[in-house]
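Visitor: I have a model open on my screen and no idea where to start. Could you walk me through it with some questions and answers?

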Amino acid sequence: MPEVSFDGRVAIVTGAGGGLGRAHALELAARGAKVVVNDLGGDITGTNGGTAMADQVVGEIRAAGGEAVSNYDSVATVEGGKAIVQTALDAFGTVDILVNNAGNIKNAPFSDTSPESVESLLAVHVKGAFNVTQPAFDIMRRNGYGRIVFTSSAAGLFGSIHQANYAAAKGAIYGLANVVSLEGAPYGILANTILPAAESRMAADMNPEQFVGMPTSAAHGEPEMISAMVVYLASEQNTHSHELYSIARGRYARVFMGVAPGWHVKADEPVASADDVAAHIAQIRDLDGYAVPGSMIEEFRLVP
Ligand SMILES: NC(=O)c1ccc[n+]([C@@H]2O[C@H](COP(=O)([O-])OP(=O)(O)OC[C@H]3O[C@@H](n4cnc5c(N)ncnc54)[C@H](O)[C@@H]3O)[C@@H](O)[C@H]2O)c1
């Protein structure tokens, strides 16, 4: 197996001025990619902004002998998404890799979650991923090659106390990624999603109550642990798409959405009632023999 490398490839990493995105950008550049380091440069809520965070990472990449340029646009607007992709075109002529990583956070108990915070998180995480992916996808489609990594969260797919707005946004990213992977497949564009867990300023803002009872043993939480998976998924070596991977506490694992065999009312049988559902709920809930559909149509085809 050849070493994972990116000679001549052009990558965009959003939110790369710190935390996980910085580690992704450094590793992609160290392996030969030309990198657009995007970051708004604000605080964890996504408020304010500045040039220092992105410039710092670009400085680190160049000091190590790599190639990188800064971009300070917000992913949260259509114009910002286009400008981020245009930065890659202006500096390096194309886009081969997109890592959608930018994110913000505003934790609160569900009853105290403001509509404004929901808007803000959907704007950065979901619309942000859409705004950058759409113009990048068009270029990748013309090139017949692309690798896209979306950043969701275990909070979004499994739930996390005091993170209703964040979980709603992170769950939506998975839906977006699945469609991008299906529509990208004929053009050599592969799209996958990660659920990372690593030390960062955002992770430090998590509600400590839900970690009570967690094993206290030392576990890997370095951002570089996440970058190993992201960089693999962004490489030519990766041939998988439409998949979801968890990287947490040193463990790399595929996560999947499956459907159980269930209880089937045949076409010549009467329409089910709530009483029929009650009578068959154990069979409906039984996961034995589940399948992992690759699309909505594949799910429907599972039912004869
Ligand atoms: N750290 C974890 O354990 C963890 C767990 C699950 C998911 N994530 C996700 O990983 C990604 C990286 O988070 P992190 O933990 O490194 O936190 P972080 O706060 O260090 O990184 C997020 C970056 O995104 C940037 N950003 C925010 N709004 C932006 C905007 N509108 N446009 C461009 N950039 C913007 C921030 O300035 C910041 O540098 C996020 O999407 C986060 O939701 C992290």
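Visitor: Where is Tyr290 found?

Guide: Keep in mind that this is a predicted model. Look between two helices, helix 8 (274–285) and helix 9 (296–301). The stretch joining them is a loop, and Tyr290 is found in the loop between helix 8 and helix 9.

Visitor: Is Tyr290 buried, partly exposed or exposed?

Guide: Its relative accessibility is 43%. Buried needs under 20% and exposed needs over 50%. Tyr290 falls in between, so it counts as partly exposed.

Visitor: Tyr290 is part of a nonpolar surface patch; about what area does that patch have?

Guide: Tyr290 shares the patch with Phe256, Leu287 and Val292. Together these residues make a nonpolar surface patch of about 400 Å².

Visitor: Back to helix 8, the place of Ile281. How far is the C-alpha atom of Ile281 from that of Asn238?

Guide: Ile281 itself is partly exposed, with a relative accessible area of 41%. Along the chain, Ile281 and Asn238 are 43 residues apart. In space, their C-alpha atoms are separated by 40 Å.

Visitor: Now for the ligand. How many residues surround the ligand, and which are the closest?

Guide: The shell has 30 residues in it. If you want to find the closest ones, go to Leu20, Asp39, Asn101, Tyr166 and Ser200.

Visitor: Which helices each supply at least two residues of that shell?

Guide: The shell around the ligand divides into 12 nonpolar, 14 polar and 4 charged residues. To see where some of them come from, follow the helices that each supply at least two residues: helix 1 (19–30), helix 4 (115–143) and helix 6 (164–184).

Visitor: What are the distances from Ser74, Gly103 and Tyr166 to atoms of the ligand?

Guide: Ser74 has a polar side-chain atom 3.0 Å from a nitrogen atom of the ligand. Gly103 uses its backbone instead, with an N or O atom 3.4 Å from a ligand oxygen. For Tyr166, an N or O atom in the side chain is separated from an oxygen atom of the ligand by 2.6 Å.

Visitor: How much of the ligand's accessible area does the protein cover?

Guide: Start with the ligand on its own, which has 820 Å² of accessible area. Of that, the protein covers 96%.

Visitor: Let's switch to charges. How many salt bridges does the structure hold, and what is the N to O distance between Arg9 and Glu236?

Guide: The structure holds 6 salt bridges. In one of them, the side chains of Arg9 and Glu236 meet, and their N to O distance is 3.0 Å.

Visitor: How many residues apart are Arg9 and Glu236?

Guide: Arg9 sits in the segment before strand 1 (10–13). Glu236 is in the loop between helix 7 (223–233) and strand 7 (244–248). The pair links distant parts of the chain, 227 residues apart.

Visitor: Which of the two is buried and which is partly exposed?

Guide: The cut-off for buried is under 20% relative accessible area. Glu236 has 46%, so Glu236 is partly exposed. Arg9 has 19%, so the buried one is Arg9.

Visitor: Which parts does the salt bridge between Glu60 and Arg22 tie together?

Guide: The closest N and O atoms of Glu60 and Arg22 are 2.8 Å apart. Glu60 lies in helix 2 (residues 52–63) and Arg22 in helix 1, so the bridge ties together parts that are 38 residues apart in sequence: helix 2 and helix 1.

Visitor: Arg141 and Asp138 form a salt bridge as well. About how many helical turns separate them?

Guide: Their side chains meet at 3.6 Å, N to O. Both residues are in helix 4, and because they are 3 residues apart there, the separation is about one helical turn.

Visitor: One last thing: what is the phi of His162, and what is the phi of His242?

Guide: His162 is found in the loop between helix 5 (154–158) and helix 6, while His242 has its place in the loop between helix 7 and strand 7. Neither is a glycine, yet phi is positive: about 70° for His162 and near 65° for His242.

Terms used: Residues are numbered from 1 along each chain as its sequence is written. This is a predicted model: local features need pLDDT of at least 70, side-chain atom pairs count only at pLDDT 80 or more; totals for chains, interfaces and linings use all residues. Side-chain values use heavy atoms; hydrogens and water are left out. Patches are made of residues with over 30% relative accessible area and no salt bridge: like charges are joined within 9 Å, nonpolar side chains (Val, Leu, Ile, Met, Phe, Trp, Tyr) within 5 Å. Accessible areas come from the Shrake-Rupley method with a 1.4 Å probe; for residues, only the protein chains shown count as cover. A salt bridge is a side-chain nitrogen of Lys or Arg within 4 Å of a carboxyl oxygen of Asp or Glu. Helices (H or I, at least four residues) and strands (E, at least two) are DSSP runs, numbered from the N terminus. Buried means under 20% relative accessible area, exposed over 50%, partly exposed in between (1.4 Å probe, protein chains only). A residue is near a molecule or strand if one of its heavy atoms lies within 4 Å of it. A polar contact is a pair of N or O atoms within 3.5 Å; within protein, one must be able to donate a hydrogen and the other to accept it, and residues adjacent in sequence count only if both atoms are side-chain atoms. Ala, Val, Leu, Ile, Met, Phe, Trp, Tyr, Cys and Pro count as nonpolar, Asp, Glu, Lys and Arg as charged, and the others, Gly among them, as polar.
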